[in-house]
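The exercises below ask you to read a structure closely, one question at a time. Try each task against the sequence and the coordinates before you turn to its solution.

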Amino acid sequence: MSLSRSPSPVPGGGWSSPGLNISTSGRSSPTRGYSGANGTPVMWESARLKRAGDSGYPSFSTQNKGFFTRHMRRLSSSLPRFNAGNFYPDEKKDKPSQGSWSGPKVPLLGRLRGILARMGRKMKIRLMMLLLLILSIVLFYNTPLVYYWRRSPWLGGGQKFVIILAANVGGGVMEWKGAREWAIERDSVRNKKKYVAKWGYDLEIVDMSTKKRYAHEWRESWEKVDFIRSSLRKYPKAEWIWWLDLNTFIMEPTYSLQDHIFNNLEKHVYRDINEYNPLNITHPITDDFLDAESRSPVGDGNANSVNLILSQDCSGFNLGSFFVRRSPWIDRLLDVWWDPVAYEQKHMEWEHKEQDALEQLYTTQPWIRKHTAFLPQRMINSFPTGACSENGNDTRIHYDKKDRDFLVNMAGCEWGRDCWGEMYNFRELSYYLNRNPWERFKEDLVAVAWYKLTGRKVKL
Amino acid sequence: MHFAYPPRKSSNPPPYLRAAKLPGLRRSRLKVIAAAGFAFLVLIYLLTRPAGHGHYKSYVPTGNPPVVIVTAFDEMKYDKPYLDMIKDNRIQYAEKHGTGKCADLCLGYKTFFGKVGDYDLKGAPSSWTNVVAVRHALTEFPDCKFIWYLDQHAFIMNPELTIEEHVMKASKLEDLMIKDYPVVPPDSIIKTFSHLKGQDIDFVVTQDKDGMSANSYVIRNGDWARFFLETWFDPLYRSYNFQRAETHALEHIVQWHPTVLARLGLVPQRTLNTYSRGDKGVEYQEGDFTVIFNGCSSTKECDAEAQRYVERWRSEFKST
């Protein structure tokens, strides 16, 4: 701006280089230095301009000719005032928009105070409520608060559930675990840990490696019984214990057990095994000496008498994923599950050991039937296409990603199938199905559009 | 200037003062009330949410009849007069504790007689009928408090004694119970629990010199009783050829399954299981509850044993 004005060579004016002295604000301030230095009197601008006007010197810059000279005042008054806070304390209320233009000199706190002071009371309250809401949401979801909420017995009730994960199957001393076995175990454990952390349950990882305790005894593979017992002791608040084999993967971690099964237990379970009866068990028991409840196909028909929930696959009971409820009844079942007399007579037939023993108990003992219920297999125990595949794909048995099945159990993958491959595929599928909206936007819209435009695939 | 009194208040009400409709319901108070109401609703919601489902409660028997006496008769092997004599003994005892003594609400003892051949034992020895008959009695009398199983070769000798008072009463039972004692004498490593209280006991049984005795025992009605009897009657036990059938099966269950042992009260044989001959166990003495004709295996033998006691129990029953 200063250079748009040419220097006015006025004799005695003292403006040796006016560009330096005309301040950006357009006002010239009298400087004492000049008057002291060369004795010239202080000149005010009006006088100077006047003198410049009527001086005989030719000048290419005439008075009132320049745009800035003419509009200086108007322009400058509409420009922001950088030290408004200091100079115009009274004008604040009249010009609320000015605050947003405040210069860097005003501290943040002061500016905020200014905003607040200018705000109406109602607005303040509304803002406060909004802030409070955001704060509580952040507090709830970004702190352990949500965890404790879901865990506490009278809010979320997560403490009532314990997951037992059978790790290290057949490993340990008997057999070296390869990289794949380690990877399977790592993925499976991580999956359960995440699920448990999300919903406030407890996770108990048990070591199924063949122990010395069982190695010379018949009871091998009845370790389940001992582990369930010790977990009931270890977690005194647990009501339900969920047994999971190692080769399982929770595909939908957003399903809580409460929502998925237990809040509506009577709707989900079936107690009349005739609904799906691959073993052709005669049901109900018809012996005359039994009471009506024992002879009824559904026990007492009340969901709170269900103490054991399992699912059936194509060949009968499946104990890869089942629930037991803490009750005197379960103590009795765990107690009689293994019996030397039964084992001695049946061990040649019992290929699946404890699973067959349970089938035997279910078949012969009315008190077991009364408290056992079944879930449709795909609610807790979907199979990949490789398992139970003799009769092709069965909608009752096999995983379908369209239905977003809860859990997949790669049962029997250690016999001739690729456990790690299946685990990997299901893990990736689970991540894919549970992408967050931002990932969906990136991958389903942006990446696709990019592919169509450029013909190149991108990973965002 | 000083006035004697402060100036009077104007009798004209000031303008613009809004008359409250209800004194307590100002705008600000309304807000407080609304907030309190909301908090209350939240509290109600939290307290009444479906908290899963109620806990399972097993059926509590009303105690009518208090005791059912169960005996299984083998009518194929033994003659009818002999068995009728024993039935008569049971019925008379039950009647003694029926209508005669109580004033208003009479809950008499009941008898339940099983019969060999009534039940399909799948080829197991006929003595297994004893077990299934008890289970059947539970079905027939779901409200009974106790079931007393007494072998067919036995008389009830003392009509004064009752099951509730002299056997199952918690304080009495605590006196009677033999604690920390091998369940199968002499050297089983499984011993009866020593911490049990009288009310924990659902199953009262005795031992004789051979081991556990299933001639006479008492079971408290409930879920546990059904579990225990059905387990005892398991087809795999029946098919196992235990030497003494259900008696050895009982010994097996008691030793291998702690949920059974934890409900078991071992009492002296004299309490409800005295024998007519002392070679196998405690011999009957005057005043004992029962006498069991042990070691007899035909109508003739058993009847001879029974005749020694018939007169005695009949006179005892008449005198009381």
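**Exercise 1. Leaving aside its neighbours within four places in sequence, which residues is Ile241(A) in contact with?**

Solution. Begin by setting aside the residues within four places of Ile241(A) in sequence; the contacts that remain are Val162(A), Ile164(A), Ile228(A), Ser231(A), Leu232(A), Phe323(A) and Val324(A). Next, place Ile241(A) in its wider setting: in this predicted model, Ile241(A) and Ile164(A) are both among the residues with the most contacts inside the largest nonpolar core, which has 140 residues. Finally, look at the other residues named with them, which include Val70(B), Val134(B), Ile147(B), Trp148(B) and Val218(B). In soluble globular proteins, nonpolar side chains tend to be buried together.

**Exercise 2. Describe how chain A meets chain B, and say which helices of chain A supply at least two residues each to the side that touches chain B.**

Solution. The first step is to count the residues on either side, and here 24 residues of chain A are in contact with 27 residues of chain B. The second step is to assign the chain A side to its elements: helix H15 (328–336), helix H16 (340–346) and helix H18 (366–369) each supply at least two residues. The third step is to sort that side by class, which gives 11 nonpolar, 8 polar and 5 charged residues.

**Exercise 3. Determine whether chain B is a compact globule or more spread out than one.**

Solution. Start with the composition of chain B, whose secondary structure comes to 10 helices and 8 strands. Then compare its radius of gyration, 34 Å, with the 20 Å that the globule rule gives for 320 residues; the value for chain B is well over the rule, so the chain is more spread out than a compact globule. The box filled by its C-alpha atoms, taken along the principal axes, is roughly 135 × 45 × 35 Å. As a further step, consider burial and contact range: 37% of the 320 residues count as buried, and of the contacts with a separation of 6 or more, 68% are between residues 24 or more positions apart.

**Exercise 4. Compare the UniProt annotation at residues 30–48 of chain B with the model.**

Solution. The unreviewed UniProt entry places the feature "transmembrane region" at these residues. In the model, the span 30–48 of chain B is 100% helix and 0% strand, and its end C-alpha atoms lie 27 Å apart.

**Exercise 5. Is helix H6 of chain B largely enclosed or open?**

Solution. Count the buried residues of the helix, which covers residues 223–232: 9 of the 10 are buried, so H6(B) is largely enclosed by the rest of the structure. Then read their names, and note that the buried residues include Arg226(B) and Glu230(B) as well as Trp224(B), Phe227(B), Phe228(B) and Trp232(B).

**Exercise 6. Examine the backbone at Lys122(B), Ala245(B) and Pro284(A), and give the setting of each.**

Solution. As a reference point, most residues other than glycine have a negative phi, and most peptide bonds are trans. Lys122(B) has a positive phi, near 55°, and lies in the loop between strand E2 (110–115) and helix H3 (129–140) of chain B. With 9 other C-beta atoms within 10 Å, Lys122(B) is exposed, because the cut-off for that class is 12 or fewer. Ala245(B) also has a positive phi, near 40°, but is found in helix H8 (residues 245–256) of chain B and is buried, with 21 other C-beta atoms within 10 Å. The peptide bond from His283(A) to Pro284(A) is cis, with omega near -5°, and Pro284(A) is found in the loop between H13 and H14 of chain A.

**Exercise 7. Decide which stretches of chain A call for caution, given their pLDDT.**

Solution. Chain A averages a pLDDT of 81, and 77% of its residues score at least 70. Over residues 13–39 the pLDDT is below 50, although this stretch has 34 contacts in the model beyond near neighbours in sequence. Over residues 94–100 the pLDDT is also below 50, and the corresponding count is 6 contacts. Where pLDDT is low, the predicted coordinates should not be read in detail.

Terms used: Residues numbered from 1 in each chain as written. Chains lettered and ligands numbered in written order. Predicted model: local features only at pLDDT ≥ 70, side-chain atom pairs only at ≥ 80, totals over all residues. Contact = placed C-beta atoms within 7 Å. Helix = DSSP H or I, 4+ residues; strand = E, 2+ residues; numbered from the N terminus. Nonpolar A, V, L, I, M, F, W, Y, C, P; charged D, E, K, R; others polar. UniProt positions renumbered as here; feature names shortened; annotations may be inferred. pLDDT = per-residue confidence, 0-100. Rg over C-alpha atoms; globule rule 2.2 N^0.38 Å. Buried ≥ 20, exposed ≤ 12 C-beta atoms within 10 Å, placed from the backbone. Core = buried A, V, L, I, M, F, W, Y, C linked by C-beta atoms within 7 Å.
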